[in-house]
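Subject: Structure handover

Hello,

Here is the structure I promised to pass on. Please open it and keep it beside this email as you read.

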Amino acid sequence: MTQMFPVRETAAGKRVDFKKRYGWRAKIGLISPAILDTSAEQMRKILPEGVLLSAITISAPIQNLGTEQGTRAFDLMVEGGKRLAAEKVDVLICGGAAVAVMKGVDGDVEMEQALRRETGLPLVMANGGILAALRHFGARSVVAISPFIEPRNKEIAHYLNASGFKCLASEGLGLTKNVDFAGQTPDAALQLGLRVARKHPDAEAIYIACPRWPTVDIIEMLESETGKPVIAAPAAWIWGALKALGIRECTPGYGRLLDSLRVG
């Protein structure tokens, strides 16, 4: 006979329910083309109790965000999705927005079709998740910021324009290595966001690209300073995944988009 353990309180006063497994509400899978450090940590900050993030990197993670490594990463993302499906996740986030954009406007669609065919899971695509968040606010014009070099920023602007938005500006820090994206402080994103937003007061939203760039902690401050909704990649992807799961809550303090889960 299985012994049933009640909720207990530890010596430090923490209550522990010994009958609840990790991910007792749901499991979110994340496949990334880069090493998972800051990106996964940012997403875990947002998740409500009982939702587990199962995150993996492709078998050959990229370091320099160039065309050759980006193309190779694209081909490995489907393999990663199949690995997560075997882990019985309930929804799959396909990261690598910049990787998909290198393929052109249809990059997300191409990857989504392959992942849906191979996994059968509900999907939140890297760029599709951003577009859904912008549409949630009814934004038509947007400014974008990133840690990237100019060619990657131009690709972001082209993608947004081709997707029906007007990208008024797309500016970055000029970095190429993923490890350098992760090594920035949140203030780097805040200051760039403020500068670009002030130059383009007509923008209706701010898009912050790259989940490995530390950004979620400055969402509320940037929204407060500019009066505009801020769509940061890791927050938008978790918003999309929780919506797909029917979970209408998250950790408070990470901006209007996530707050909409509780009131929508």
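Below is what I found, starting with the whole chain and then moving to single places.

**The whole chain**

First, a caution: this is a predicted model. The chain has 11 helices and 10 strands. Of its 264 residues, 52% are buried. The accessible surface is about 12,100 Å². Carbon and sulfur atoms hold 50% of that surface.

Now think about contacts along the sequence. Take the contacts between residues with a separation of 6 or more. Of these, 74% join residues that sit 24 or more positions apart.

**Two helix pairs**

Start with H10 and H11. Helix H10 covers residues 233-245, and helix H11 covers residues 256-263. Their axes come within 9 Å and cross at roughly 15°. Angles under 35 degrees count as roughly parallel. H10 and H11 are therefore roughly parallel to each other. Their crossing is left-handed.

Which residues meet here? From H10 come Ala235, Ala236, Trp239, Leu242 and Lys243. From H11 come Leu257, Leu258, Ser260 and Leu261. By class, this contact has seven nonpolar residues, one polar and one charged.

Next, look at H8 and H9. Helix H8 spans residues 186-199. Helix H9 spans residues 219-226. The two pack at an angle of about 25°, with their axes 10 Å apart. That angle makes H8 roughly parallel to H9. H8 passes H9 in a right-handed crossing.

On the H8 side, the contact uses Leu190, Gly193, Leu194, Ala197 and Arg198. On the H9 side, they meet Met221, Leu222, Glu225 and Thr226. The classes here are five nonpolar, two polar and two charged.

**Helix H1 and its cover**

Which residues of helix H1 (residues 38-46) are buried? They are Thr38, Ser39, Ala40, Gln42, Met43 and Ile46. What covers them? The cover includes two strands, S3 (26-32) and S4 (51-57). It also includes helix H7 (178-182). H10 and H11, the pair you have already met, are part of this cover too.

**Two buried residues, in a strand and a helix**

Find Ser141. It sits in strand S7 (residues 141-146). Is Ser141 buried or exposed? Its relative accessible area is 10%, so Ser141 is buried. Set aside its neighbours within four places in sequence. Ser141 is then in contact with Lys166, Leu168, Asp202, Ala203, Glu204 and Ala205.

Now find Ala157, in helix H6 (residues 150-162). Its relative accessible area is 15%, so Ala157 is buried as well. Not counting residues up to four places away in sequence, Ala157 touches Cys167 and Ser170. How many residues separate Ala157 and Ser170 in sequence? They are 13 residues apart. In space, their C-alpha atoms are 5.9 Å apart.

**Three loop residues**

Gly120 lies in the loop between helix H4 (107-119) and strand S6 (123-125). Its relative accessible area is 59%. The cut-off for exposed is over 50%, so Gly120 is exposed. Gly120 and Leu92 are 28 residues apart in sequence. From C-alpha to C-alpha, Gly120 and Leu92 are 9.8 Å apart in space.

Lys88 lies in the loop between helix H2 (67-86) and strand S5 (91-94). Phi of Lys88 is near 65°. That is a positive value in a residue other than glycine. Lys88 counts as exposed, at 67% relative accessibility.

Cys210 is in the loop between strand S9 (205-208) and helix H9. Phi of Cys210 is near 80°, which is again a positive value in a residue other than glycine. Is Cys210 buried or exposed? Cys210 is buried, with a relative accessible area of 9%.

**Where to look**

Begin with H10 and H11, which cross at roughly 15°. Then view H8 and H9, which pack at about 25°. After that, turn to the loops and set exposed Lys88 beside buried Cys210.

Best wishes

Technical notes. Residues are numbered from 1 along each chain as its sequence is written. This is a predicted model: local features need pLDDT of at least 70, side-chain atom pairs count only at pLDDT 80 or more; totals for chains, interfaces and linings use all residues. Side-chain values use heavy atoms; hydrogens and water are left out. Axes are lines fitted to C-alpha atoms, for helices over the stretch in contact, and angles run from 0 to 180 degrees between N-to-C directions. Helices (H or I, at least four residues) and strands (E, at least two) are DSSP runs, numbered from the N terminus. Angles under 35 degrees count as roughly parallel, over 145 as roughly antiparallel, 65 to 115 as roughly perpendicular and the rest as oblique. A crossing is left-handed if the near helix is turned anticlockwise from the far one by less than a right angle, and right-handed if clockwise. Contact means heavy atoms within 4.5 Å. Ala, Val, Leu, Ile, Met, Phe, Trp, Tyr, Cys and Pro count as nonpolar, Asp, Glu, Lys and Arg as charged, and the others, Gly among them, as polar. Buried means under 20% relative accessible area, exposed over 50%, partly exposed in between (1.4 Å probe, protein chains only). Accessible areas come from the Shrake-Rupley method with a 1.4 Å probe; for residues, only the protein chains shown count as cover.
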